[in-house]
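Q: Hey, can you walk me through this protein? I'd like to get a feel for how the chain is laid out.

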Amino acid sequence: MAWHSVAKSADLDDDEVIGVEVDGKEIAVYKLGGVYYATHNICTHEYACLSDGYIEGDRIECPLHQGYFHIPTGKAQGAPVTEDIPTYPVKEEDGEILVDVPDK
Ligand code: FES
């Protein structure tokens, strides 16, 4: 595990999501009510970037078939998604957003 700087805090407004890449891994970084979250960015149903989807409250709606994931926990919450999505620790330090992504 290692902290990676993925964006400037100023790059992300509240209720916004961006897609970033860390060591070849696709990560979605969210800001909800001033709190940062990170999940894997690729839907567990088929291939779609959640960062192209829509935030509804504390859920992200997949842009392809409108499945839902709970952003803080990664839990699958709506058909057709059944498999949860990995989440990652996030912190903000000196104006940078840092995500802790496993090495493997
Ligand atoms: S690819 Fe996300 S719901 Fe189908």
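A: Here is a quick chat about the fold, the core and a few odd spots.

Q: Is this from an experiment or a prediction, which one?
A: It's a predicted model.

Q: OK, how many helices and strands are there in the protein?
A: The protein has 0 helices and 11 strands. Reading from the N terminus, the elements go β-β-β-β-β-β-β-β-β-β-β.

Q: And what about its overall dimensions?
A: Along the principal axes, the C-alpha atoms take up a box of roughly 40 × 30 × 20 Å. The radius of gyration is 13 Å, which agrees with the value near 13 Å for a compact globule of 104 residues.

Q: What order do the strands have in the sheet that includes strand 2?
A: That's an open sheet of 4 strands, ordered 2-3-4-9, and the pairing is antiparallel. Strand 2 (16-22) and strand 9 (87-88) are the edge strands, each pairing on one side only.

Q: How many bridges link strand 2 and strand 3?
A: There are 7 bridges, and the two strands pair in the antiparallel sense. Across that pair, Val 20 sits opposite Ile 27 of strand 3.

Q: What connects strand 2 and strand 3?
A: They make a hairpin with 2 residues between them. One thing to look at in the turn is Asp 23, which has a positive phi of about 50°.

Q: And the next pair along?
A: Strand 3 (residues 25-32) and strand 4 (residues 35-40) are joined by 6 bridges, again in the antiparallel sense. If you want a spot to click on, Lys 31 has Tyr 36 in strand 4 as its bridge partner.

Q: Switching topic: what about the sheet with strand 5 in it?
A: That one is an open sheet of 4 strands in the order 5-6-7-8, with antiparallel pairing. Strand 5 (54-56) and strand 8 (76-78) are at its edges with a single partner strand each, so one side of each has no neighbour in the sheet. On average, neighbouring strands in this sheet are turned by 35° against each other, ignoring direction.

Q: How many bridges do strand 5 and strand 6 share?
A: Strand 5 and strand 6 (residues 59-61) pair over 3 bridges in the antiparallel sense. Tyr 54, for instance, has Glu 61 in strand 6 as its bridge partner.

Q: Now the inside. What share of the residues is buried?
A: Buried residues make up 29% of the 104 residues.

Q: Which residues touch the most other members of the largest nonpolar core?
A: Those are Ile 27, Ala 28, Val 29, Ala 38, Val 90 and Val 99, out of 23 residues in that core. Strand 2, strand 3, strand 4 and strand 11 (96-101) each give the core at least two residues.

Q: Why would nonpolar residues end up together like that?
A: As a general rule, nonpolar side chains in soluble globular proteins tend to be buried together.

Q: Pick one core residue. What does Ala 28 touch?
A: Leaving out residues up to four places away in sequence, Ala 28 touches Val 17, Gly 19, Ala 38, Thr 39, Asn 41, Leu 50 and Ser 51.

Q: How much of the contact map joins parts that are distant in sequence?
A: Taking contacts with a separation of 6 or more, 39% are between residues 24 or more positions apart.

Q: Where is Asp 58?
A: Asp 58 is in the loop between strand 5 and strand 6. It counts as partly exposed, because it has 16 C-beta neighbours inside 10 Å. Not counting residues up to four places away in sequence, Asp 58 touches Leu 32, His 70, Ile 71 and Pro 72. Asp 58 and Trp 3 are 24 Å apart in space, C-alpha to C-alpha, and 55 residues apart in sequence.

Q: Any odd backbone spots?
A: Try Gln 66, which is not a glycine but has a positive phi, near 65°. Gln 66 lies in the loop between strand 6 and strand 7 (68-70).

Q: Where is Asp 94, then?
A: Asp 94 is in the loop between strand 10 (90-93) and strand 11. Its phi is positive too, near 50°.

Q: Is Asp 94 buried or exposed?
A: Asp 94 is exposed, because 7 other C-beta atoms lie within 10 Å of it. Gln 66 is partly exposed, with 13 other C-beta atoms within 10 Å.

Q: Last one: which residues does the cis peptide bond join?
A: The cis bond joins Ala 79 and Pro 80, with omega about 5°. You'll find Pro 80 in the loop between strand 8 and strand 9.

Notes
Residues are numbered from 1 along each chain as its sequence is written. This is a predicted model: local features need pLDDT of at least 70, side-chain atom pairs count only at pLDDT 80 or more; totals for chains, interfaces and linings use all residues. Two strands pair if DSSP finds at least two bridges between them. Axes are lines fitted to C-alpha atoms, for helices over the stretch in contact, and angles run from 0 to 180 degrees between N-to-C directions. The radius of gyration is taken over C-alpha atoms; the globule rule is 2.2 Å times the number of residues to the power 0.38. A residue is buried if 20 or more other C-beta atoms lie within 10 Å of its own, exposed if 12 or fewer, and partly exposed in between; C-beta atoms are placed from the backbone. Two residues are in contact if their C-beta atoms, placed from the backbone, lie within 7 Å. A nonpolar core is a set of buried Ala, Val, Leu, Ile, Met, Phe, Trp, Tyr and Cys residues joined through C-beta atoms within 7 Å.
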